[in-house]
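Work through the exercises below with the sequence and the coordinates at hand. Each task is followed by a worked solution.

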Amino acid sequence: MSIEKEKHVIEKMIVIYCHGKHRTKDDLCSECQRLKHYAFKRLDLCPFGDNKPSCRKCPIHCYTPEMKEKIRQVMKYSGPRMIFHAPVEWLKHRIEEILDRITED
Ligand SMILES: [Zn+2]
């Protein structure tokens, strides 16, 4: 899974969340915009780059507690909806993996 693909997944999830929860139409609200930039930046800064191991095994906990909570809400809301809309195996696997990473403390 490349960084670009992971960004794509995260962006989609934030869009679903923002449109559904914050009633936005096209653009994200400023809060979600901020979350997206934050998540992208974390990926850009990931020292493993495209070769990064499963995030589940990653020793680096790169999200602050505040952002972790926000992204957790997004995943909780958008995860099941994305699986429904795009029943692609890798995507499903990916979301489960991301959920695992952010929900473990
Ligand atoms: Zn929003």
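**Exercise 1. Check the length of helix α1 in this predicted model.**

Solution. Helix α1 runs over residues 3-21, which is 19 residues. At 1.5 Å a residue, the expected span is 27 Å, because the rise is multiplied by one less than the number of residues. The C-alpha atoms at the two ends of α1 lie 26 Å apart, which agrees with the expected value.

**Exercise 2. Find which residues of α1 are buried and where they sit around the axis.**

Solution. Take under 20% relative accessible area as the cut-off for buried. In α1, the buried residues are Ile3, Glu6, Lys7, Val9, Ile10, Met13, Ile14, Tyr17 and Cys18. They cover an arc of only 165 degrees around the axis, so they lie on the same side of α1. The background is that an α-helix has 3.6 residues a turn, so residues three or four places apart point the same way. Just after α1, arginine 23 has a positive phi of about 60 degrees.

**Exercise 3. Identify the protein donors of the zinc ion and classify their geometry.**

Solution. Start with the donor atoms: SG of Cys18, ND1 of His22, SG of Cys29 and SG of Cys32. These atoms lie 1.9 to 2.3 Å from the zinc ion. In sequence, the donor residues follow the spacing C-x3-H-x6-C-x2-C. Next come the angles: the four donor atoms subtend 103 to 124 degrees around the zinc ion. Four donors count as tetrahedral if all angles lie between 85 and 135 degrees, so the arrangement around the zinc ion is tetrahedral.

**Exercise 4. For each donor residue of the zinc ion, decide: buried or partly exposed?**

Solution. Apply the 20% cut-off again.

- Cysteine 18 has a relative accessible area of 0%, so this residue is buried.
- Cysteine 32, at 2%, is buried.
- Cysteine 29, at 19%, is buried because the limit is under 20%.
- Histidine 22, at 30% relative accessibility, counts as partly exposed.

Then check the cysteines for disulfides: the structure holds zero.

**Exercise 5. Describe the protein chain as a whole: how many helices and strands are there, and what share of the residues is buried?**

Solution. The secondary structure comes to four helices and zero strands. Along the sequence, this reads as α-α-α-α. Of the 105 residues in the protein chain, 39% are buried. Finally, consider the contacts with a separation of 6 or more: residues 24 or more positions apart account for 71% of them.

Technical notes:
Residues numbered from 1 in each chain as written. Predicted model: local features only at pLDDT ≥ 70, side-chain atom pairs only at ≥ 80, totals over all residues. Heavy atoms only, no water. Donors = N, O, S within 2.8 Å, 3.2 Å for Na, K, Ca; no water. Tetrahedral: all angles 85-135°; square planar, octahedral: opposite > 155°, others 65-115°. Buried < 20%, exposed > 50% of the residue type's maximum accessible area, 1.4 Å probe, protein only. Disulfide = S-S within 2.5 Å. Arc of directions from axis to C-beta. Contact = heavy atoms within 4.5 Å.
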